[in-house]
Every structure is written in C-alpha cells, then in structure tokens.
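Biologist: I am new to this model and would be grateful for a close look at its nonpolar interior. Please begin with the chain as a whole and then turn to that part.

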Amino acid sequence: MRARFAMRRVLVVGMGAMVVLALALAGLVLIPAACGFRAYAVTSPSMAPAIPLGSLAFVDEGISGAQVQPDDIVAFTQGDTDQSVCVHRAVSIEERGGLIETKGDANESPDMRPVPFEEVTGTVRAHIPHVGTALSWVSAHKVTLAASMLTLALASAALGSFLPRQRCTDHRSKGHA
C-alpha cells in the first residue's frame, strides 16, 4: 500500500511540476507581450558576450528604425525573402538614406548589408540567459509535452480511483476527554 501511495505522490508532483513549468514559460512570453515587448530566442552566438546564445531577448517593438541610436541593440528582419529576426548592435546611422550599419559583438566586421529603417522591429531592452533554449525546445516539442501531460493526468486519475484513500482516524479513545 505504501508503494501505491508513493506512486500516486510521484504522479501528482510530476504533473504539478509540468504545469508550473508550462505556466512560467508562458508567462515569460505573455507578460512582456502585454507591455509591448516581444520575446525572441537567440539562436546565434554573434552577440556574445552581451547576449549569449540561448538567451530570451525582449524587444521593445515601439521603437522605429528612425529612433535607433548608435550602440543600441537592434532587432530586424532581413529583407523580403527571410522573415527571421536578427539581433545586432547599431554601429552607425545614415539618416538621409534611412540605413543602419549593424554588427554582431562577436563578429569581426560589420554586416555586409545595411538595415533599412523599415526592417527594424525594435530594440532589445533585456534578456534572460538560457531561457530561449528552453522555450525553443518546448515550442518544438509541443505535441510530446501535451501527450506526456495527458498521460500523467490519466495515470494519476486512474491510480486515484483504484487506490484506497487513507482515512483520518481519531486516536483518542471514546469517552476520554
């Protein structure tokens, strides 16, 4: 009976831990979004050590390309063909041409192509190391995680219906105060 109770406890704790983790990761994306920020997983070491590979970068999307200053860390799309977002530091601004020269901190030279103001999605305001990797993994394994949570929930419910619950007993003998 103790083994069954221990099994139930493991299932309940495991399910609880998965729910807490899912809520925490969702909160890391949803709360900043409510404040006008967008979260991006950093998938390249080009901004190390300022923003390490695997970080979760929070981009203020209220900043336009015309508002960028040299030394700002800028998020931008790379033309019409590739809609991925790149995060590099603004090295110089050519206001008349509406272009920003960018460079990854870990790169030897500036990027080959200047970024037009229109391609800027915002500036990085904060980052959390390693969380981007976890969020990317969760995003890529949604079905596996959902199936695992469902399996744990079903196992917990099944185990709960077959196992007798421990009853509280009054250890005081009747008639004694």
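Biologist: Among contacts in the protein chain between residues at least 6 apart in sequence, what percentage joins residues at least 24 apart?

Modeller: The figure is 57%, for contacts between residues at least 6 apart in sequence (a contact being heavy atoms within 4.5 Å). The model is predicted, so local features need pLDDT of at least 70 and side-chain atom pairs pLDDT 80 or more, while totals for chains, interfaces and linings use all residues. Residues are numbered from 1 along each chain as its sequence is written, and side-chain values use heavy atoms, without hydrogens or water.

The protein chain contains three helices and seven strands (DSSP runs: H or I of at least four residues, E of at least two, numbered from the N terminus). From the N terminus, one helix is followed by seven strands and then by two further helices. The chain has 177 residues, and 29% of them count as buried (under 20% relative accessible area with a 1.4 Å probe, protein chains only; exposed is over 50%, partly exposed in between).

The interior can now be described. The largest nonpolar core consists of ten residues: Tyr40, Val42, Met47, Ile51, Ala57, Val59, Ile73, Ala75, Val87 and Val124 (such a core is a set of buried Ala, Val, Leu, Ile, Met, Phe, Trp, Tyr and Cys residues joined through side-chain atoms within 4.5 Å). Strand 2 (56–60) and strand 3 (73–78) each contribute at least two residues to this core. Leaving aside residues up to four places away in sequence, Val124 touches Ile51, Ala57, Phe58, Val59, Ile73 and Val87. A second core, separate from this one, has nine residues, among them Val68, Val74, Cys86 and Ile100.

Cys86 counts as buried because its relative accessibility is 14%. Cys35, by contrast, has 55% relative accessibility and therefore counts as exposed. The number of disulfides is zero (a disulfide being a pair of cysteine sulfur atoms within 2.5 Å).

Outside the two cores, Pro110 is found in the loop between strand 5 (99–103) and strand 6 (115–116). Pro110 counts as partly exposed because its relative accessibility is 35%. With residues up to four places away in sequence set aside, Pro110 touches Glu101, Thr102 and Lys103. Between Pro110 and Ala90 there are 9.4 Å from C-alpha to C-alpha, and the two are 20 residues apart in sequence.
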